[in-house]
Amino acid sequence: MIPRIDLHVHSQFSPCAENVSVRGDAALAVEKGIEVMAITDHGTEPQPRWLDRYFAELERVRREFEGRLTLLAGMEVDVVDGRLVVESGVLRRLDVVVASVHEIPQGVDAAGYWRRCVLGAVRSGSARVLGHPTWIYGYRVELVEGEAGAPEGRVVRLPVEHVLEVLDEAREAGVAVELNYHHRDPNPLFVKLAVERGVELVPDSDAHNLSEIGNWSWYEQALRAAGVRPEAVRWLDPGKLG
Ligand SMILES: [Zn+2]
Ligand SMILES: [Zn+2]
């Protein structure tokens with residue numbers, strides 16, 4: 001069974017949030033049988049300005065739902081140029097860091113940039129989860145055998161060899177790959193290789209809207225699409241966070 005956890009959920013502290021909020025997310029988690037949830041708003045600068053308000057609200061909602069839900073402090077941190085953009089002192093205050101590559105600068109070798117960023121996240125010592133690893137704004141990401149070749153248009157062609165390198169390091173570093181409902185990511189081959197390489201998976205809604213929380217059938221479908229048996233999956237154990 002897919003574990004009833006969700007370690008990537010947005011709230012009122014994300015500018016792209018629709019109807020989500022710390023309290024609303026928590027209430028719905030309880031309704032949907034979710035046992036552990038992390039509220040992970042966007043970390044796009046060294047010291048996110050919303051941090052104090054976020055911790056205060058998280059504490060208030062934690063108390064309200066005590067005994068019914070484990071609510072974790074988290075953040076979805078941008079990876080730019082191979083580095084997490086939020087200061088490590090801030091990241092140490094969190095239970096869960098999801099590291100995501102959202103953009104690729106114009107004119108760079110896109111596949112090389114992806115590899116540098118994802119390896120940077122894995123080696124940071126701060127990231128616990130790789131966020132939507134094959135979704136990047138404005139691009140289509142494909143896995144290819146052998147040389148990647150020149151990308152045509154806004155396509156990132158990742159050599160399978162680089163993907164395996166990233167996955168092996170992720171396994172060794174204890175970094176998980178998420179199944180991301182919001183972006184319907186990663187692509188099936190990436191999921192298959194992650195499971196084969198023994199990398200942990202975690203079901204994450206990446207909810208910006210409450211309707212995105214707790215869609216268990218999609219996670220099952222994502223495993224089926226990857227040709228993976230649910231029993232073969234090593235799920236992230238939230239008891240081992242922090
Ligand atoms: Zn994201
Ligand atoms: Zn997100």
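Helix H1 passes helix H2 in a right-handed crossing, and this pair is a handy place to start a tour of what is a predicted model. H1 covers residues 22-31 and H2 covers residues 51-64, and their axes come within 9 Å and cross at roughly 30 degrees. Angles under 35 degrees count as roughly parallel, so H1 and H2 are roughly parallel to each other. On the H1 side the contact is made by Val22, Arg23 and Ala26, and on the H2 side by Glu57, Leu58 and Val61. Sorted by class, these residues comprise four nonpolar and two charged, with no polar residue in the contact of H1 with H2.

Further along the chain, helix H4 (residues 110-123) comes into view as a partner of the core. The largest nonpolar core has 70 residues, and the members that touch the most others are Met37, Ala99, Ala121, Ala127, Val129 and Leu130. H4 gives the most to this core, with seven residues. In soluble globular proteins, nonpolar side chains tend to be buried together. Ala127 gives a local view of the core: leaving aside residues up to four places away in sequence, Ala127 touches Leu84, Val97, Ala99, Ala121, Val122 and Val175. Two of these names, Ala99 and Ala121, also appear among the core residues that touch the most other members.

Helix H4 also packs against helix H5 (residues 160-173), at an angle of about 5 degrees and with the axes 10 Å apart. That angle makes H4 roughly parallel to H5. From H4, the contact draws on Ala111, Arg115, Val118, Leu119 and Val122, while H5 supplies His162, Val166, Glu169, Ala170 and Ala173. In this contact of H4 with H5, seven residues are nonpolar, one is polar and two are charged.

Val166 offers a closer look at that contact. This residue sits in helix H5 and has 27 other C-beta atoms within 10 Å, so Val166 is buried. Not counting residues up to four places away in sequence, Val166 touches Arg115, Val118, Leu119 and Val122, and these four belong to the H4 side of the contact. Val166 and Arg116 are 50 residues apart along the chain, yet their C-alpha atoms are separated by 9.6 Å.

The other partner of H5 is worth a visit too. H5 and helix H6 (residues 188-196) pack at an angle of about 45 degrees, with their axes 10 Å apart. The two helices are therefore oblique to each other, and H5 passes H6 in a right-handed crossing. Val163, Leu164 and Leu167 of H5 meet Phe190, Leu193 and Ala194 of H6 in this contact. Its residues divide into six nonpolar, no polar and no charged.

The loop between strand S9 (176-180) and H6 holds a pair of backbone features. Pro186 lies in this loop, and the peptide bond from Asp185 to Pro186 is cis, with omega near 0 degrees. Arg184 lies in the loop between S9 and H6 as well. Phi of Arg184 is near 50 degrees, a positive value in a residue other than glycine. With 14 C-beta neighbours inside 10 Å, Arg184 counts as partly exposed.

Asp206 also shows a positive phi, of about 55 degrees, although it is not a glycine. This residue is found in the loop between strand S10 (201-204) and helix H7 (216-225). Is Asp206 buried or exposed? Asp206 has 25 C-beta neighbours inside 10 Å and therefore counts as buried, since a residue is buried if 20 or more other C-beta atoms lie within 10 Å of its own.

Asp81 makes a useful contrast for anyone browsing the loops. The place of Asp81 is in the loop between strand S3 (70-80) and strand S4 (83-84). With 11 other C-beta atoms within 10 Å, Asp81 is exposed. The C-alpha atoms of Asp81 and Leu91 are separated by 18 Å, the two residues being 10 apart along the chain.

Technical notes:
Residues numbered from 1 in each chain as written. Chains lettered and ligands numbered in written order. Predicted model: local features only at pLDDT ≥ 70, side-chain atom pairs only at ≥ 80, totals over all residues. Core = buried A, V, L, I, M, F, W, Y, C linked by C-beta atoms within 7 Å. Buried ≥ 20, exposed ≤ 12 C-beta atoms within 10 Å, placed from the backbone. Contact = placed C-beta atoms within 7 Å. Axes fitted to C-alpha atoms, helices over the stretch in contact; angles between N-to-C directions. Parallel < 35°, antiparallel > 145°, perpendicular 65-115°, else oblique. Nonpolar A, V, L, I, M, F, W, Y, C, P; charged D, E, K, R; others polar. Left-handed = near helix turned anticlockwise from the far one by under 90°.
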